Amino acid sequence: MPSDDAKPDRAGTRSGASQGEARQADQALMERVSQGDAQAFQQLVDSGIDRVLAVARRTLGDEAEAEDIAQEVFLRLWRQADRWEGGRAQVSTWLYRVTVNACIDRLRQRKEETGGEVPEMTTEATQQQTMEEEDLRDTMDAALQGLPERQRLALVLFHYENMTMSAVAETMDASVEAVESLLARGRRALKSSLRSEWKALLPDVPE
Amino acid sequence: MEKDTKKDLARLSDLLDIYGPDAKRWPEAGRDELQSLLQSHPEGRRMLREAQALAQVMDAAPSMTASTNLKAGIVAAAVGSKDREARVVPIASGRKRRGSTANTQNLGRLWPAAALAASFAVGLYLGVSGIGGQTFDDAIQFAALSSTVSDTDTDSWLDNGTGGFAEDLL
């Protein structure tokens with residue numbers, strides 16, 4: 001991201017001064033975007049899209065849908081650039097928040113489509129003693145998708161995106177305590193469903 | 001003493017569940033004491049190793065990075081649109097997602113418009129990015145992204161975001 005070269009804040013780890021600088025840089029870039037500056041917009045896309053995709057992919061478990069989300073998020077940024085208020089947030093924070101909202105919306109659409117049934121891919125986190133890298137990736141993906149959506153989102157933002165607790169809380173519009181609870185429950189659920197996988201990495205730990 | 005250790009181990013367990021095994025991410029308050037416990041108590045060491053193993057498994061979860069085509073398509077769709085009215089063309093609707101009743105009609109409808117928009121979109125992005133060597137497939141994808149189609153679902157969540165925009169836009 002323009003002002004956010006390091007992976008965002010990861011939203012929340014910056015000092016006050018550097019956050020201020022980041023906001024100023026974002027403001028300048030957004031002003032250029034609002035004037036139709038394609039290079040400035042491309043700069044925003046280039047620097048922010050991988051994070052948007054990573055969050056969406058891990059939250060939705062689907063690459064095509066993650067790409068849809070990326071389009072939606074950046075086109076929204078383009079459409080509303082002239083109304084950007086630089087003092088309110090960094091672009092990276094805004095991108096995370098809008099991405100999370102878009103993912104939640106998608107998940108709700110899915111529930112409506114499937115009548116609330118759990119997709120088949122979420123039930124596959126079973127016990128395989130040994131597995132190749134690809135199998136492990138699929139199993140982990142399935143376990144992640146099997147979590148309730150808010151637990152999954154909290155883990156995606158905190159563990160995978162390395163955001164601070166307060167930034168996750170802000171992004172999810174929740175209290176820090178609520179996020180802590182979501183993280184703990186999510187991690188415990190993964191620990192249970194992926195027991196054979198992590199145990200395989202600790203051969204000397206008794207069952 | 002024994003009671004205190006049990007209490008500390010329980011705290012440690014909670015901390016690992018919430019924050020994971022990287023002590024740098026723990027709250028500063030009490031961090032040093034709990035780190036000492038991790039090193040000195042066999043149960044603490046076991047808990048840490050398990051948390052580290054789980055984190056290692058979690059890191060196997062797939063991620064993805066953007067293709068040049070996707071980035072180009074987004075820029076072309078935005079910059080090539082009139083009055084900032086670019087619309088999303090659902091990519092997922094053109095592919096079958098597990099557990100989904102995907103609709104492929106939108107993608108089919110936009111091919112005529114796509115063909116017309118393709119050359120403009122490709123040229124636009126190439127001009128912006130300086131990237132060369134695009135193929136016909138690239139052009140089609142750009143066009144799909146830059147066409148305007150009715151997409152009533154797109155804006156349903158757009159009003160949910162907050163952050164750098166005034167409240168009336170959120």
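Which residue, with a positive phi, follows H6(A)? That is A:Asn162, and the views below start from its helix. This is a predicted model, in which local features need pLDDT of at least 70, side-chain atom pairs count only at pLDDT 80 or more, and totals for chains, interfaces and linings use all residues. Residues are numbered from 1 along each chain as its sequence is written, while chains are lettered from A and ligands numbered from 1 in the order in which they are written.

**View 1. Helix H6 of chain A and the residue after it.** H6(A) covers residues 149–160 (helices are DSSP runs of H or I, at least four residues, numbered from the N terminus). Its 12 residues reach 15 Å from first C-alpha to last, close to the 16 Å expected (1.5 Å times one less than the number of residues). At A:Asn162, phi is near 65 degrees.

**View 2. The buried side of H6(A).** Here 9 of 12 residues are buried (20 or more other C-beta atoms within 10 Å of a residue's own, with C-beta atoms placed from the backbone). Among them are A:Leu153, A:Val156 and A:Phe158. The buried residues pack against several helices, including H2 (38–60) and H8 (176–193) of chain A, together with H3 (42–58) of chain B.

**View 3. Confidence along chain B.** Chain B averages a pLDDT of 65 (the predictor's confidence in each residue, from 0 to 100). H3(B) has the highest mean, 94, and H5(B), residues 105–109, the lowest, 32. Over residues 130–163 of chain B, pLDDT is below 50. Where pLDDT is low, please do not read the predicted coordinates in detail.

Definitions and conventions:
Helix = DSSP H or I, 4+ residues; strand = E, 2+ residues; numbered from the N terminus. Contact = placed C-beta atoms within 7 Å.
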